[in-house]
Amino acid sequence: MAEVKKRAAKRARRPNIIIFMMDTQGVNNMSAHGYRRRTTPNIEKIAKEGTLFEQHFVTAPWTLPVHASLFTGRYESGHGAGAQHEGLEPGLPSLPEVLTRNGCRSVAFHNNHWCLDNRDRWNPGPGFEEYHQYGKDDEVDAEFVHDESLGDDTGSLRLVGVAKRWIEKNVLGNGGKPFFMYLNSCQPHDVYHPPEPFRSRFLPEGVSYERALSRKGGQVDSTIGTRCPTLEEWHWQRCL
């Protein structure tokens with residue numbers, strides 16, 4: 001009996017785990033990492049309360065292999081997911097799979113198909129019990145998303161609202177097992193559609209949102225070499 005109580009107490013102390021991915025967000029325009037403008041005040045608060053890793057490098061330059069590395073702990077050479085092979089091979093151990101097997105509820109919220117959905121591509125997926133593509137998943141939209149308090153924001157604010165409601169429904173006051181939650185926010189990803197009041201706060205004086213947005217796709221166009229934005233256009237994109 002004492003051993004059973006000890007195991008129960010150990011389970012009760014297990015933490016919830018949340019990974020919040022700011023998709024394509026670099027550190028060079030985050031005030032938490034020394035950028036001159038106050039862009040990330042809430043992340044600064046988290047950093048003061050926790051641990052800020054200053055030596056962190058991604059394993060690849062795009063979504064699929066980076067997420068495969070995040071969930072398997074392997075470089076692309078070890079998991080094989082990339083431009084030439086758009087999926088994980090069956091049998092590779094993954095973080096959500098291991099946590100699920102050890103008593104965690106695992107759930108993922110995203111709207112970037114390269115990070116999680118399309119089970120055939122991932123073959124058979126990285127091991128989450130629940131996948132929700134917010135803004136596109138009818139079941140999740142009907143249950144969580146339609147909330148007037150979120151306004152017309154379909155980005156990070158809606159993502160956080162959906163996740164918060166999942167926690168309220170599935171965890172709070174339930175006395176249940178701990179959860180592992182993965183969230184992917186695509187708002188820092190080109191093409192940039194920041195909601196108000198942020199777009200007006202950071203765009204240069206005299207430059208309208210429509211004018212700045214007219215140069216959309218600079219990241220992709222520059223990478224493949226179809227056009228080279230001017231320094232002024234790069235600055236507008238950075239501000240967005």
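The paragraphs below lead through a predicted model, going from its sheet to its cores, its aromatic rings and a few single contacts.

A good place to begin is the sheet, which is open and has four strands in the order β1-β4-β2-β3, with parallel pairing. At its edges stand β1, which covers residues 17-22, and β3, and because each of these has a single partner strand, one side of each is left without a neighbour in the sheet. If the direction of the strands is ignored, neighbouring strands of this sheet are turned against each other by 10° on average. Strand β2, made of residues 105-110, runs parallel to β4 and is joined to it by five bridges; within this part of the sheet, V107 has M181 of β4 as its bridge partner.

From the sheet the reader can turn to the nonpolar cores. The largest of them has 13 residues, and those with the most contacts inside it are F71, A108, L116, F128 and Y182. Helix α3, at residues 63-72, and strand β4, at residues 179-185, each supply at least two residues of this core. Apart from it lies another core, of twelve residues, which includes V107, W166, M181 and L183. The bridge partners V107 and M181 are thus met again among the residues of this other core.

Helix α3 deserves a closer look, since nine of its ten residues are buried, which leaves the helix mostly covered. The buried residues are T63, L64, P65, V66, H67, A68, S69, F71 and T72. Just after the helix, G73 takes a positive phi of about 75°.

The aromatic residues come next. A pair of aromatic rings is described by the distance of the centres and the angle of the planes. In the whole structure a search finds six such pairs. In one of them, the rings of F71 and F128 have centres 5.4 Å apart and planes at 85°, and the pair is therefore edge-to-face. This pair links distant parts of the chain, for F71 belongs to helix α3 while F128 sits in the loop between α6 (119-122) and β3 (130-133), 57 residues apart. Both rings belong to buried residues, since the relative accessibility is 1% for F71 and 6% for F128.

Another pair is formed by W166 and F179, whose ring centres lie 5.9 Å apart with the planes at 70°, so that this pair, too, is edge-to-face. Because W166 lies in helix α8, residues 156-170, and F179 in strand β4, the pair ties together parts that are 13 residues apart in sequence. W166 is buried, with a relative accessible area of 1%, and F179 is buried as well, with a value of 4%. Ring pairs also link F71, F128, Y131, F180 and Y182 into a cluster, and of these residues F71, F128 and Y182 have already appeared among those with the most contacts inside the largest core.

Two further contacts complete the tour. R199 lies over the face of Y209, at 3.9 Å from the ring centre. E233 is found in helix α12, which spans residues 231-239, and at 8% relative accessibility it counts as buried, the cut-off being under 20%. What does the side chain of E233 lie 3.0 Å from, through one of its polar atoms? The partner is the backbone nitrogen of T230.

How values were computed. Residues are numbered from 1 along each chain as its sequence is written. This is a predicted model: local features need pLDDT of at least 70, side-chain atom pairs count only at pLDDT 80 or more; totals for chains, interfaces and linings use all residues. Side-chain values use heavy atoms; hydrogens and water are left out. A nonpolar core is a set of buried Ala, Val, Leu, Ile, Met, Phe, Trp, Tyr and Cys residues joined through side-chain atoms within 4.5 Å. Buried means under 20% relative accessible area, exposed over 50%, partly exposed in between (1.4 Å probe, protein chains only). Rings of Phe, Tyr and Trp (its six-membered ring) pair if their centres lie within 6.5 Å; planes under 30 degrees apart count as stacked, over 60 as edge-to-face and the rest as tilted. A charge sits over a ring if NZ of Lys or CZ of Arg is within 6 Å of the ring centre and within 35 degrees of the ring normal. A polar contact is a pair of N or O atoms within 3.5 Å; within protein, one must be able to donate a hydrogen and the other to accept it, and residues adjacent in sequence count only if both atoms are side-chain atoms. Two strands pair if DSSP finds at least two bridges between them. Axes are lines fitted to C-alpha atoms, for helices over the stretch in contact, and angles run from 0 to 180 degrees between N-to-C directions.
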